[in-house]
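Student: Could you take me through one helix of this model up close, and tell me what packs against it? I'd like the geometry together with the residues involved.

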Amino acid sequence: MSARAAPAPRWRPLDLWRTVAGLAVVLGGAAALLAAVDAVPSWIAGESRDVRRVAGVEEAERRLRVRLLLPGYFPDSIAWPPSAVRIAAGDPGGAALDFEGRRGGPHMLLAQAARPGAVPARLVPAATVLDEGATWLGGLRVPLRRIVGPDGHVWRELVWMQKGRQVVLRSRGSVEEMMRMARTTRDEP
Amino acid sequence: MPGRWADFVAQSIVHALVGALAVEALLRLWRIGRPEERLALRSVALLQPLVVSPLLALWPWRAGEAFHERWALFSGRHWEEVRILGVSLYPLFVFLLVALGLALFLLDLVPLVRGSRRVRGPEAPAPSDLAGEVADLARAAGAAPPPLRVLELDFPALYCSGVRLPAVVVSRGALRLLDPTERRAALAHEMVHLAQRDPLVSWLLMAVRALLLFNPVAQVLARTMAREAERRADDRGAEIAGDRLALASALVRLYRASGGAGRLPTLPFGTALREPLRRARFRDVELRCRRLLDDGAPGRSPLARLRLSLVVLALPALLLLVA
């Protein structure tokens, strides 16, 4: 007696349907499960799915492959390093640096596009504009607003373009302090 | 650079897990019972961390941030953001999984290196009727008649070994223990192993496990494939011997006579592992006997080749988006 392989059974259209549907269900289920597991870190951090928290400025620069714009002047009232660094991939992508004051509590937000374009809206929390004026920065007239931030406090917001990249600076400090920081903001170390 | 290695290791583990779970789900959905087909599909799952993951890691597009943020269904990197007391859980998870993979590999490697899996003893001349039976069974299984080695041992041992020159080894204890029908069924089982070149395959599997020693899912998958090879040998051996009951009976007799767990490996923490290993082996023998007693050999499933081809194409396509 020899152990020969059994002949292949004849297949019916139902078998083909079961084959394709089974594969589609498994692959679709796996994709959905993977996407759900991938969304958990953002869900824990309370961010939208394409916004990522990174360890620091260097990590943000490495992941965005761009040098971040940072102020040369940094007042003593603000603590370094940033309390949170968030990045958004895509085009143009961007980064947001949250700073706390030396006495604690949120004090400043510096958000910027990674490439020419506007700052991704998901990096800048929604705020209510109380009033809007304008000021001169590097020979250009730029908007300067007073806003109510998500924390309920009044902040100042300055928005300008630098090398085609939009920069948003929000601060609870003085206007003079903000302007000095904005004037010294560079992408060189 | 250590970060990139951690990324690669994590990706390999996730790829193996996704591949293994997808294949297990398909085995159930498609109701595939034939060990040959199950082995083929599981081999595809094992190929993912072995071949697909390294190839995908060479693709620069997948290393970029845009891929991780816009295209990846899952990116292990995102879990770096989850911190407890300022410590990222991601490297901790990777470290624990690597330690688990290494432990699973050593659990099989150490006994293999020490030679405790195989029984050794003085050899005796093989009885001519037994040699004739082995030759007949080998021909029936489609293998060349192998050399027969009879050991002068009371310990019941019956196995095949050897890669270049495979041989069947049987102890006097096993010959005394089994009645003629059980002996024939057990020898037929070993002949199927030889016909399928399972000793060589088991060494290749061990080599794959060594390459993926950091990957616990690959370790489990390789062990599952070894068990599936036993089921294949059970089915075809019982078919050759013409008696499924005799093979089940031989399995139980050999299991009982070998003290329940054969010669358990001497390992660090061996005492703690002894009972779980004994139970796992008992469960394995129980399941094999149930298969032999409850069912006939499962038939070929329809569209087996198409299904295998689809899985070969679909799994890497899915894993392309898993980083």
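Tutor: Let's go straight to H2(B) and helix H10 (residues 216–241) of chain B, which pack at an angle of about 165 degrees with their axes 9 Å apart. The axes here are lines fitted to C-alpha atoms, for helices over the stretch in contact, and angles run from 0 to 180 degrees between N-to-C directions. Helices (H or I, at least four residues) and strands (E, at least two) are DSSP runs, numbered from the N terminus. That angle makes H2(B) roughly antiparallel to H10(B); the cut-offs are under 35 degrees for roughly parallel, over 145 for roughly antiparallel, 65 to 115 for roughly perpendicular, and oblique for the rest. The crossing of H2(B) and H10(B) is left-handed, a label used if the near helix is turned anticlockwise from the far one by less than a right angle, with clockwise giving right-handed.

One caveat on where this comes from: it's a predicted model, in which local features need pLDDT of at least 70, side-chain atom pairs count only at pLDDT 80 or more, and totals for chains, interfaces and linings use all residues. Residues are numbered from 1 along each chain as its sequence is written, while chains are lettered from A and ligands numbered from 1 in the order in which they are written.

Now the residues. On the H2(B) side you have B:Pro35, B:Glu36, B:Arg38, B:Leu39, B:Arg42, B:Ser43, B:Ala45, B:Leu46 and B:Pro49. They meet B:Ala218, B:Leu221, B:Ala222, B:Thr224, B:Met225, B:Glu228, B:Ala229, B:Arg231, B:Arg232 and B:Asp235 in H10(B). Contact means C-beta atoms, placed from the backbone, within 7 Å. By class, this contact of H2(B) with H10(B) splits into ten nonpolar, two polar and seven charged residues. Ala, Val, Leu, Ile, Met, Phe, Trp, Tyr, Cys and Pro count as nonpolar, Asp, Glu, Lys and Arg as charged, and the others, Gly among them, as polar.

H2(B) has another partner too. The axes of H2 (residues 35–57) of chain B and helix H13 (residues 304–319) of chain B come within 10 Å and cross at roughly 25 degrees. That makes H2(B) roughly parallel to H13(B), and the crossing of this pair is right-handed. From H2(B), the contact with H13(B) draws on B:Glu37, B:Ala40, B:Leu41, B:Val44, B:Gln48, B:Val52 and B:Leu56. H13(B) answers with B:Ala304, B:Leu308, B:Val311, B:Val312, B:Leu315, B:Pro316 and B:Leu319. The class count for H2(B) with H13(B) is twelve nonpolar, one polar and one charged.

For context, chain B comes to 13 helices and six strands. Its C-alpha trace spans about 70 × 45 × 35 Å along the principal axes. Of the 323 residues in chain B, 42% are buried, meaning that 20 or more other C-beta atoms lie within 10 Å of a residue's own (exposed is 12 or fewer, partly exposed is in between, and C-beta atoms are placed from the backbone). Among chain B contacts between residues at least 6 apart in sequence, 73% join residues at least 24 apart.

Both partners of H2(B) turn up at the chain interface as well. There, 35 residues of chain B are in contact with 33 residues of chain A. H10 and H13 of chain B are among the elements giving two or more residues to that side, along with helix H1 (2–29), helix H4 (65–71) and helix H6 (128–141). Chain B's side divides into 22 nonpolar, five polar and eight charged residues.

Definitions and conventions:
Contact = placed C-beta atoms within 7 Å.
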